Amino acid sequence: MRIPAHSVCTAIRDDIVAGVYERGSRLTEELLARRYGVSRVPVREALRTLEAEGFVVTRRHAGACVAEPTEQEAADLLEMRLLLEPLGASRAAQRRTEAHLKVLRGLVRLGQERARQGNSDDLRSLGGWFHETLAQASGSPALASVLTQLRHKIAWMYASEGPLDPVEYWAEHGAIVDAVARGDGERARAVTALHTERASAAHRLRFALGADRAGRTDRVRNSQHPVNMSSLRH
């Protein structure tokens with residue numbers, strides 16, 4: 001059975017974000033196919049998608065390589081998120097469904113509980129699910145897709161120190177949901193803008209944290225684990 005390119009694309013993107021492949025390093029189809037346990041066809045399709053998303057570039061005589069974004073490009077991503085996250089929240093206030101509200105409220109309750117307990121391990125993933133659901137509630141697939149790509153790229157280029165006060169951080173999430181539930185687009189936009197600005201201030205560029213390329217390449221070459229299909233269906 002042919003493995004969908006989307007699954008391979010997700011796996012490669014996740015590894016780029018995690019730093020498995022250093023910026024500027026080559027991405028050969030043969031090596032990637034062996035690592036993920038697939039043929040070269042889905043790898044080729046995945047690389048085309050990742051190039052369109054800005055994670056990969058094609059260089060003459062080198063082929064596909066991990067992109068090397070500049071500091072200005074990284075700064076632009078945070079600025080774009082500052083503009084688009086509030087827009088998504090405003091749209092969600094007008095277009096959300098009861099199913100969206102149920103999920104958002106459930107995530108806020110769980111996040112607030114974890115924050116009060118001081119359990120920070122789950123808060124990052126819960127925050128990601130919250131903003132993913134909020135974007136989906138905007139009723140704009142194009143906007144949700146752009147916001148998802150922004151989150152992937154920001155996670156790749158920046159290290160986040162996390163909120164100084166997780167309880168307050170999740171109280172802000174609660175305020176966003178309250179505004180969305182009331183259909184108050186302006187309030188949802190304003191609260192989300194403040195929340196996003198505070199979150200952006202906790203980001204620090206990873207560029208100075210590059211590891212030795214040879215060491216990473218060896219680890220990739222020696223890893224031949226197949227794609228974990230169950231984890232990529234979400």
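1. A good place to start is helix α6, where L123, L126, G127, F130, H131, T133, L134, A135 and A137 are buried. These buried residues pack against α4, α5, α7 (141-157), α8 and α9. Please keep in mind, as you look around, that this is a predicted model.

2. Does the length of α6 fit what a helix should give, or does it depart from it? With 15 residues at 1.5 Å a residue, α6 should span 21 Å, and its end C-alpha atoms are 21 Å apart, so the two agree. Just past the end of α6 you will find G139, which takes a positive phi of about 75°.

3. Now step back to the whole protein chain. It holds 10 helices and 4 strands. Reading from the N terminus, the order of elements is α-α-α-β-β-α-α-α-α-β-α-α-β-α. Of the 234 residues in the protein chain, 44% are buried. If you count contacts with a separation of 6 or more, 77% of them join residues 24 or more positions apart. The protein chain exposes about 12,700 Å², and carbon and sulfur atoms supply 51% of that area.

4. Helix α8 deserves a visit of its own. Its 17 residues (166-182) should span 24 Å at 1.5 Å a residue; the end C-alpha atoms are 25 Å apart, which agrees. At the start of α8, D165 brings a side-chain oxygen to within 3.1 Å of the backbone nitrogen of V167. Just after α8 comes G183, with a positive phi of about 75°.

5. Which residues of α8 are buried? They are W170, E172, H173, G174, I176, V177, A179 and V180. As you follow this list along the helix, it helps to recall a general point: an α-helix has 3.6 residues a turn, so residues three or four places apart point the same way. The buried residues of α8 pack against α4 (71-95), α5 (98-117), α6 (123-137) and α9 (185-200).

6. For a single residue to look up, try L150, which sits in helix α7. Is L150 buried or exposed? L150 counts as buried because its relative accessible area is 4%, under the 20% cut-off. Leaving aside residues up to four places away in sequence, L150 touches L77, M80, R81 and L84. One of these partners, L77, is 73 residues from L150 in sequence, yet their C-alpha atoms are 6.5 Å apart in space.

7. Two cysteines are worth a glance. C9 is buried, with a relative accessible area of 3%, and C65 is buried too, at 2%. In general, a disulfide is a covalent bond between the sulfur atoms of two cysteines. How many disulfides does the model have? The count comes to 0.

8. Finally, a word on confidence. The protein chain averages a pLDDT of 87, and 86% of the residues score at least 70. Among the elements, α8 has the highest mean pLDDT (97), while helix α10 (residues 213-221) has the lowest (40). Over residues 209-226 the pLDDT stays under 50, and the model gives this stretch 25 contacts beyond four places in sequence. Residues 228-234 are also below 50, with 8 contacts in the model beyond near neighbours in sequence. Where pLDDT is low, the predicted coordinates should not be read in detail.

Methods: Residues numbered from 1 in each chain as written. Predicted model: local features only at pLDDT ≥ 70, side-chain atom pairs only at ≥ 80, totals over all residues. Heavy atoms only, no water. Helix = DSSP H or I, 4+ residues; strand = E, 2+ residues; numbered from the N terminus. Buried < 20%, exposed > 50% of the residue type's maximum accessible area, 1.4 Å probe, protein only. Contact = heavy atoms within 4.5 Å. Areas by Shrake-Rupley, 256 points an atom, 1.4 Å probe, with all protein chains shown as cover. Disulfide = S-S within 2.5 Å. Expected span 1.5 Å × (residues − 1). Polar contact = N/O pair within 3.5 Å; in protein donor to acceptor, adjacent residues only side chain to side chain. pLDDT = per-residue confidence, 0-100.
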